[in-house]
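Trainee: Before we look at the model, could you take me through the reasoning behind the labels that get attached to its residues, rings and pockets?

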Amino acid sequence: MALAPGTVAGVVPWWLTGWQAGHWWLPVRLLGAVVLFAGAVVLVHAFTRFVVEGLGTPAPIAPTEHLVVGGLYRHVRNPMYVAVTASIGGQALLLGRPVLLVYGLLTAMVMWAFARWYEEPRLFHTFGAEYETYRRAVPGWWPRLSPWQG
């Protein structure tokens with residue numbers, strides 16, 4: 001967890017900004033702190049689901065034994081990617097640094113491409129109809145309000 005999300009949502013934003021704050025309106029900065037905190041909480045929860053429910057990790061070198069569909073995964077298929085993007089956006093607002101908004105958008109595009117062209121085919125190959133049923137019921141990026149009951 002520290003390696004990939006920590007680098008993408010922590011090290012690179014620090015490298016881009018030195019975590020030096022700009023002078024944005026205080027309510028925007030407070031909103032950024034809330035979004036950053038929420039992203040961090042979601043990231044920890046999603047990673048924990050991989051370990052406990054999936055008996056593995058999100059890393060391709062140590063994949064899960066079971067398809068992870070519990071917790072926040074009942075609302076959205078990619079909560080970790082959404083959380084990382086939210087964390088970057090939260091930092092952009094908190095620090096008042098537009099460069100992080102651009103970086104967050106580029107990061108989201110790369111994560112979408114990775115999920116679409118690597119992860120989804122791999123999950124279908126590994127879990128077959130179970131994954132296809134899940135994929136059709138749960139959106140990839142914009143959470144559904146009611147949890148999937150599959």
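Trainee: Where is Trp19 found, and why is Trp19 called partly exposed?

Mentor: In this predicted model, Trp19 is found in the loop between α1 and α2. Its relative accessible area is 46%, and because buried means under 20% and exposed means over 50%, Trp19 counts as partly exposed.

Trainee: What is notable about the phi of Trp19?

Mentor: Phi of Trp19 is near 55 degrees, which is a positive value in a residue other than glycine. Leu55 likewise has a positive phi, of about 55 degrees, although Leu55 is not a glycine.

Trainee: Where does Leu55 lie, and what makes Leu55 partly exposed?

Mentor: Leu55 is found in the loop between α2 and α3. With a relative accessible area of 44%, Leu55 falls in between the cut-offs of 20% and 50%, so Leu55 is partly exposed.

Trainee: Turning to the rings, why is the pair of Tyr131 and Tyr134 called tilted?

Mentor: A pair of aromatic rings is described by the distance of the centres and the angle of the planes. For Tyr131 and Tyr134 the centres are 6.5 Å apart and the planes stand at 55 degrees. Stacked planes are under 30 degrees apart and edge-to-face planes over 60, with the rest counted as tilted, so the pair of Tyr131 and Tyr134 is tilted. The structure holds six aromatic pairs, and Tyr131, Tyr134 and Trp148 form one aromatic cluster.

Trainee: How do you know that Tyr131 and Tyr134 are separated by about one helical turn?

Mentor: Tyr131 and Tyr134 are three residues apart in helix α5, which means a separation of about one helical turn.

Trainee: Are these two tyrosines buried or exposed?

Mentor: Tyr131 has a relative accessibility of 3% and Tyr134 a relative accessible area of 2%. Because buried means under 20%, Tyr131 counts as buried, and Tyr134 is buried as well.

Trainee: Which residues touch the most other members of the largest nonpolar core?

Mentor: Tyr134 is one of them, together with Leu67, Tyr73, Met80, Val84, Ile88, Leu100 and no others, in a core of 25 residues. The elements that give two or more residues to this core are α2, α3, α4 and α5, and the largest share, seven residues, comes from α3. Leaving aside neighbours within four places in sequence, Leu100 is in contact with residues that include Pro13, Leu16, Ile88 and Leu95.

Trainee: What is the volume of the largest pocket, and which residues are the closest to its centre?

Mentor: The largest pocket has a volume of about 1100 Å³. Of the 37 residues that line the largest pocket, Phe50, Pro58, Ala59, Tyr81 and Glu119 are the closest to its centre. α4 gives the most to this lining, with 12 residues, and by class the lining has 27 nonpolar, six polar and four charged residues.

Trainee: How do the residues lining the second largest pocket divide by class?

Mentor: The lining of the second largest pocket, which holds about 200 Å³ of space, divides into 10 nonpolar, two polar and no charged residues. Gly39 and His75 are among the lining residues, and because glycine counts as polar, as does any residue outside the nonpolar and charged lists, Gly39 and His75 belong to the polar class. α2 and α3 each supply at least two residues of this lining.

Key: Residues are numbered from 1 along each chain as its sequence is written. This is a predicted model: local features need pLDDT of at least 70, side-chain atom pairs count only at pLDDT 80 or more; totals for chains, interfaces and linings use all residues. Side-chain values use heavy atoms; hydrogens and water are left out. A nonpolar core is a set of buried Ala, Val, Leu, Ile, Met, Phe, Trp, Tyr and Cys residues joined through side-chain atoms within 4.5 Å. Buried means under 20% relative accessible area, exposed over 50%, partly exposed in between (1.4 Å probe, protein chains only). Helices (H or I, at least four residues) and strands (E, at least two) are DSSP runs, numbered from the N terminus. Contact means heavy atoms within 4.5 Å. On a 1 Å grid over the protein atoms alone, a cavity is a set of points where a 1.4 Å probe fits but cannot get out, and a pocket is an open set with protein on both sides within 12 Å along at least five of seven lines; lining residues have an atom within 4 Å of a point. Grid points are joined across faces, edges and corners, and a volume is the space filled by probe spheres set on the points.
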